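Subject: A structure for you to look through

Hi there,

Here is the structure I promised to pass on. Have a look at it first, and then read on for my notes.

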Amino acid sequence: MRADLDLIKEWVEPGKRVLDLCCGDGELLHYLHKEKQASGYGLEIGPENITECIAKGVNVIEKDIEEGLASIKDNTFDTVIMTQAIQIMMRPDEIIDEMLRIGKECIVTFPNFGHWRARGYLAFRGQMPVSKFLPYTWYNTPNTHFCTFKDFERLCVERNIYIMDRTVVDNEHQHRWWIHLWPNMLGEIAIYRITK
Amino acid sequence: MPAVIPEDSVGIVQPQKIEFNKPLQLSCGRVLESYHLMVETYGELNADASNAILICHALSGNHHVAGYHSLDDKKPGWWDSAIGPGKAIDTTKFFVIGLNNLGGCHGSSGPNQLNPETGKPYGPDFPIITVDDWVESQARLADHFGIEQFAAVIGGSLGGMQALQWSINYPDRLRHCMVIAAAPKLSAQNIAFNEVARQAISKDPQFHDGHYYAQNEVPKVGLMLARMLGHITYLSDDGMRSKFGRELRSGQISYDFTPQFEVESYLRYQGERFSTEFDANTYLLMTKALDYFDPTALEGKPLSEVLAKAKAKFMVISFTTDWRFSPERSREIVDALVDADKQVSYAEIEAAQGHDAFLIPIPRYLDVFNAYMQRIEADTDSMTSKGAF
């Protein structure tokens with residue numbers, strides 16, 4: 001299992017109703033259903049991913065979340081999850097608002113653009129960072145809204161979003177004690193658990 | 001005629017006529033004292049009768065879902081692409097039932113069958129039938145086969161509506177419900193198209209108020225027009241453009257009213273063929289069943305509340321260019337199911353063929369279908385193993 005998913009599962013209590021936005025091949029939901037008796041759905045637009053979800057027994061709904069989540073009523077879900085996708089959204093702030101409307105709490109993970117490697121790349125090369133972890137160039141990247149941990153937390157303050165938990169890991173999704181000394185510089189992936 | 005029956009075909013099949021003598025109370029208030037259903041089955045029912053799948057047909061469908069009646073048949077059953085050994089609905093694993101619905105014209109009790117009370121064809125006196133009535137008659141058909149619970153009830157278009165109604169009327173009698181290219185109820189536009197079709201039929205001088213059997217006539221023109229109109233709604237603008245464009249049959253315009261564009265002659269051909277195969281009174285009944293379909297009507301509650309009692313797991317599928325029952329209409333069903341906290345998956349298949357796409361083996365459609373069938377199979381297997389202990 002992808003390591004950020006491994007961390008997220010600890011934040012979902014048994015028997016909860018979960019919505020996973022951009023659920024991919026349904027790995028997380030499959031786990032949450034099997035091990036935590038969670039119910040719920042994944043939303044996805046990739047045809048192969050959708051077929052994979054169905055084959056796994058994961059309830060998946062083909063839906064482009066950019067078109068909005070208005071058809072889902074307030075507080076329908078206990079937990080709404082979006083992993084590694086907030087940065088590809090047209091309006092991350094609106095999606096987060098919607099997630100907090102339809103879910104009692106939300107879990108969001110995203111890559112930290114404030115990591116020292118990204119900072120160093122831009123500072124010394126004068127170019128947008130390209131790495132194994134961020135493999136796209138500026139003109140073809142789906143990641144149109146990169147942010148740093150600091151940026152994200154500022155958004156939370158502005159929107160009165162309460163951060164229940166957060167954790168920071170490196171690109172192998174490992175906790176390292178030293179990351180916590182300076183998370184915005186040393187952490188590569190942020191995992192936040194938020195609520196209104 | 002198939003030179004050889006393909007290996008993944010159910011082969012030569014034989015319909016059977018099943019009689020029911022317990023009176024059937026219909027939604028319209030009338031009672032059918034006795035009736036019969038034409039049925040085909042494929043595959044073997046297992047010992048605990050847990051592997052049965054019911055296929056519900058659409059407006060012009062019937063019991064002949066797969067295989068061939070004889071080696072002289074030009075075409076196999078209407079959903080042969082999905083049903084057979086090794087196909088999506090695998091007949092080596094499932095016992096598949098297809099039937100001609102009540103009011104149909106392919107051998108089940110309907111306008112063109114003899115009314116046992118009069119000894120004459122029912123004609124227009126055959127009662128108006130609703131989707132609820134069909135579900136009730138199909139439940140009795142399940143009883144006949146000793147099937148307590150279907151592994152799945154599957155249908156496209158009007159067939160999908162029957163599957164949805166099944167999940168509401170008999171929550172314990174199906175484990176999975178596949179609703180393909182359907183809608184939770186018809187729109188005003190849908191009803192309008194149906195009304196034009198009905199007018200075309202009933203205004204045909206050979207209709208004789210539905211008593212045309214005695215006159216040895218058929219309202220051929222009306223039925224043909226109804227089908228031509230219907231056919232347009234089954235295709236998409238894109239599909240028609242790529243299939244016919246503005247192609248001319250003879251290569252040049254002749255400045256008269258003979259059919260010159262390919263699309264004209266195609267529609268005429270389809271309409272004419274249909275008018276010799278289908279019964280006009282049945283067409284009227286089927287379109288009425290469509291118009292009246294509304295699972296919320298009886299209780300007057302939102303669909304999500306009506307679906308609250310459903311226990312099946314749902315797979316909903318729509319097609320991008322279907323404008324008869326567009327993806328939005330399927331999403332209404334999905335939203336209601338999510339709202340009702342039901343298990344549901346939904347796929348929107350990119351397809352140029354419009355409403356007709358549900359009958360066409362489009363690769364992604366088959367992928368989704370196969371994947372979901374694996375799930376139905378796994379649930380069926382776990383039923384069987386539970387039963388064994």
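B:Ala66 counts as buried because its relative accessibility is 0%, in what is a predicted model. You will find B:Ala66 in the loop of chain B that runs between strand E5 (52–56) and strand E6 (83–84). What does B:Ala66 touch, leaving out residues up to four places away in sequence? Its contacts are B:Val10, B:Val13, B:Glu40, B:Tyr42, B:Gly77, B:Asp80 and B:Ile83.

One of these partners, B:Val10, sits in the segment before strand E1 (16–20) of chain B. B:Val10 and B:Ala66 are 56 residues apart along the chain, yet their C-alpha atoms are separated by 6.7 Å. For B:Glu33, 33 residues from B:Ala66 along the chain, the C-alpha separation is 31 Å. Unlike the buried B:Ala66, B:Val10 is partly exposed, because its relative accessibility is 21% and the cut-off for buried is under 20%. Besides B:Ala66, the contacts of B:Val10 include B:Tyr42, B:Gly67, B:Pro85 and B:Thr91.

Staying with the interior, the largest nonpolar core has 164 residues, and B:Ile154, B:Ile180 and B:Phe319 have the most contacts inside it. B:Phe319 touches B:Ile180 as well as, among others, B:Pro327, B:Ile349, B:Phe358 and B:Tyr365. Another core, of 7 residues, lies apart from the largest one and includes B:Met224, B:Met228, B:Phe244 and B:Tyr266.

Now to chain A, which has 7 helices and 7 strands. Along the sequence they follow the pattern α-β-α-β-α-β-β-α-β-α-α-β-α-β. Of the 196 residues in chain A, 52% are buried. Among its contacts with a separation of 6 or more, 65% are between residues 24 or more positions apart.

Helix H6 (residues 149–158) of chain A is a nice one to rotate on screen. Which of its residues are buried? They are A:Phe149, A:Phe152, A:Leu155 and A:Cys156. These residues lie on the same side of H6(A), because they cover an arc of only 125 degrees around the axis. The face turned away from that buried side carries the exposed residues A:Lys150, A:Arg154, A:Val157 and A:Glu158. After H6(A) comes A:Asn160, with a positive phi near 55 degrees.

On the surface, A:Leu122, A:Met128, A:Trp138 and A:Tyr139 form a nonpolar patch with about 520 Å² of accessible area together. A:Leu122 belongs to helix H5 (residues 116–125) of chain A and is partly exposed, at 42% relative accessibility.

Last, the salt bridges: there are 30 over all chains. A:Asp97 pairs with A:Arg159, with 2.9 Å between the closest N and O atoms. A:Asp97 is in helix H4 (residues 92–102) and A:Arg159 is in the loop between H6 and strand E6 (162–169) of chain A, so this bridge ties together parts that are 62 residues apart in sequence. A:Arg101 and A:Glu98 also form a salt bridge, at 2.8 Å from N to O; both lie in helix H4 of chain A, 3 residues apart, about one turn of the helix.

In chain B, the side chains of B:Arg198 and B:Asp291 meet at 2.7 Å, N to O. Helix H3 (residues 188–202) holds B:Arg198 and helix H7 (residues 280–292) holds B:Asp291, so the pair ties together parts 93 residues apart in sequence. Both residues, B:Arg198 and B:Asp291, are buried. Back in chain A, salt bridges that share partners join A:Arg91, A:Asp93, A:Glu94, A:Asp97 and A:Arg159 into one network.

Happy exploring!

Notes
Residues numbered from 1 in each chain as written. Chains lettered and ligands numbered in written order. Predicted model: local features only at pLDDT ≥ 70, side-chain atom pairs only at ≥ 80, totals over all residues. Heavy atoms only, no water. Patch = residues over 30% accessible without salt bridge, like charges linked within 9 Å, V, L, I, M, F, W, Y side chains within 5 Å. Areas by Shrake-Rupley, 256 points an atom, 1.4 Å probe, with all protein chains shown as cover. Salt bridge = Lys/Arg side-chain N within 4 Å of Asp/Glu carboxyl O. Helix = DSSP H or I, 4+ residues; strand = E, 2+ residues; numbered from the N terminus. Buried < 20%, exposed > 50% of the residue type's maximum accessible area, 1.4 Å probe, protein only. Core = buried A, V, L, I, M, F, W, Y, C linked by side-chain atoms within 4.5 Å. Contact = heavy atoms within 4.5 Å. Arc of directions from axis to C-beta.
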